There are 2 protein chains.
Amino acid sequence: MAQKNLLPYILLGLIENEPMTGYDLKKEFETEIGEFWSVKHSQIYLELKRLVANGDIESNTGYFGNKIEKTYYKITPQGTKSLEGWKYSYEDQLAINKDEFVLKLYFIKDKKDPRLKELLNEQSHLHKKKLEHLNSRLKEVFPNKKIIDNNYGHYLILNHAIKREMEYVSWLEDAILSI
Amino acid sequence: MAQKNLLPYILLGLIENEPMTGYDLKKEFETEIGEFWSVKHSQIYLELKRLVANGDIESNTGYFGNKIEKTYYKITPQGTKSLEGWKYSYEDQLAINKDEFVLKLYFIKDKKDPRLKELLNEQSHLHKKKLEHLNSRLKEVFPNKKIIDNNYGHYLILNHAIKREMEYVSWLEDAILSI
DNA sequence: TATAAACATGTAATTATTAACATGTTTATG
DNA sequence: CATAAACATGTTAATAATTACATGTTTATA
């Protein structure tokens, strides 16, 4: 069981719906899935090569007009199988989720430290903005019940992200008041 | 401003209190800070070398008895400065926090998918266990107000972790009921 | 007391990730 | 219509992180 590097599954998951080019995939990380995951485009191209070498996807280079050359990737039956295997596999333990701000706080010992409140305020501002953004995403992406039911996983995690930000903000506000 | 690799700051932050060996540092990641961050011990040794080369810490090798040889690291004024700079620096934007389960859900489209509930249940179980664990940590680590006030950052983030897990569990429970 | 398990301390190799470099193509705009 | 900006597509180099390898020391236990 290959672990850790999840990018292959992401690419498979995206390509599964329809053949895509490297650039199409890159753009996915600027919108939809970009809310939950990030990678650099250089990584995408590397991984695509590996997936081809591995037989999980097939490439098809076409010439559009006489200038543009595009390589589309489509998933193979083997790739589909690999994707399914991952999607429904169980995790036996939770990964730690690394948050730089949380880390900083760990090293701020003194409750009376005057800079503490500043940091909390700044963080609160960032998370409020994020919360706002997520709320508008929800309205935008899921305007009706049919879309919700056909993209239920996405709907769930977007709601989760919103609740998480609400928790974050409320925690920070409480912390600010407490000092 | 060096970004990204936060391990140097963690090591500085830990060494700041008292000189420590590589192994001492490794152990920190199994208890206290291990709740919020993880690294492999091989990475610690590499980073310690770099910090020494960079003048942020100094090493001092001593022979205990006639067998054991230990190298203690202590922070230099330059290291302290670097640590302080990081601790009170502002972040301009939030990093994405990568969660494999959330990623999986993104690719599960169909609300009626029978395996969805299984996955949600399994996750719920994991987070309930984690929540329990964190609650007992809180009691253990912060038995009284004095300790709280002298380790306030740590107190705050432990509370945050607890609230986050509560959110996670409640989200999952709602999701399970919704399908 | 032999032997296994856990402690303690690192190095080397592999893989993943990010940053930097390159290069040609449309599209907008002054 | 010249030119800058953004689009599109990659490769190469550098850094970070994980995995595997190595080796000697206590401590527990059969």
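What rotation superposes chain A on chain B? The figure legends below take up this question and then turn to DNA strand C in the predicted model.

**View 1. Chain A superposed on chain B.** The rotation is 180°. The shift along its axis is 0.0 Å, and the RMSD is 0.0 Å. This is how a two-fold axis relates copies. Of the interface residues of chain A, 99% are interface residues in chain B as well, so the copies meet through the same surface.

**View 2. The protein surface near DNA strand C.** Around the strand lie 15 residues. Those that come nearest are Ser42(A), Gln43(A), Arg50(A), Tyr23(B) and His41(B). Of the atoms of DNA strand C within 4 Å of the protein, 62% belong to sugar and phosphate. By class, this surface has 6 polar, 5 charged and 4 nonpolar residues.

**View 3. Helices H3 of chains A and B beside DNA strand C.** In chain A, helix H3 spans 41-54. In chain B, helix H3 spans 41-53. Each supplies at least two residues of the surface near the strand.

**View 4. Side chains at phosphate oxygens of DNA strand C.** In chain A, Asn5(A) places a side-chain N or O atom 3.2 Å from a phosphate oxygen. In chain B, Tyr23(B) has a side-chain N or O atom 3.2 Å from a phosphate oxygen. Tyr23(B) is also among the residues that come nearest to the strand.

**View 5. His41(B) at a base oxygen of DNA strand C.** An N or O atom in the side chain of His41(B) lies 3.0 Å from the base oxygen. Like Tyr23(B), His41(B) is one of the residues that come nearest to the strand.

Notes: Residues are numbered from 1 along each chain as its sequence is written. Chains are lettered from A and ligands numbered from 1 in the order in which they are written. This is a predicted model: local features need pLDDT of at least 70, side-chain atom pairs count only at pLDDT 80 or more; totals for chains, interfaces and linings use all residues. Side-chain values use heavy atoms; hydrogens and water are left out. Copies are superposed by least squares on the C-alpha atoms of residues with pLDDT of at least 70 in both. Contact means heavy atoms within 4.5 Å. A residue is near a molecule or strand if one of its heavy atoms lies within 4 Å of it. A polar contact is a pair of N or O atoms within 3.5 Å; within protein, one must be able to donate a hydrogen and the other to accept it, and residues adjacent in sequence count only if both atoms are side-chain atoms. Helices (H or I, at least four residues) and strands (E, at least two) are DSSP runs, numbered from the N terminus. Ala, Val, Leu, Ile, Met, Phe, Trp, Tyr, Cys and Pro count as nonpolar, Asp, Glu, Lys and Arg as charged, and the others, Gly among them, as polar.
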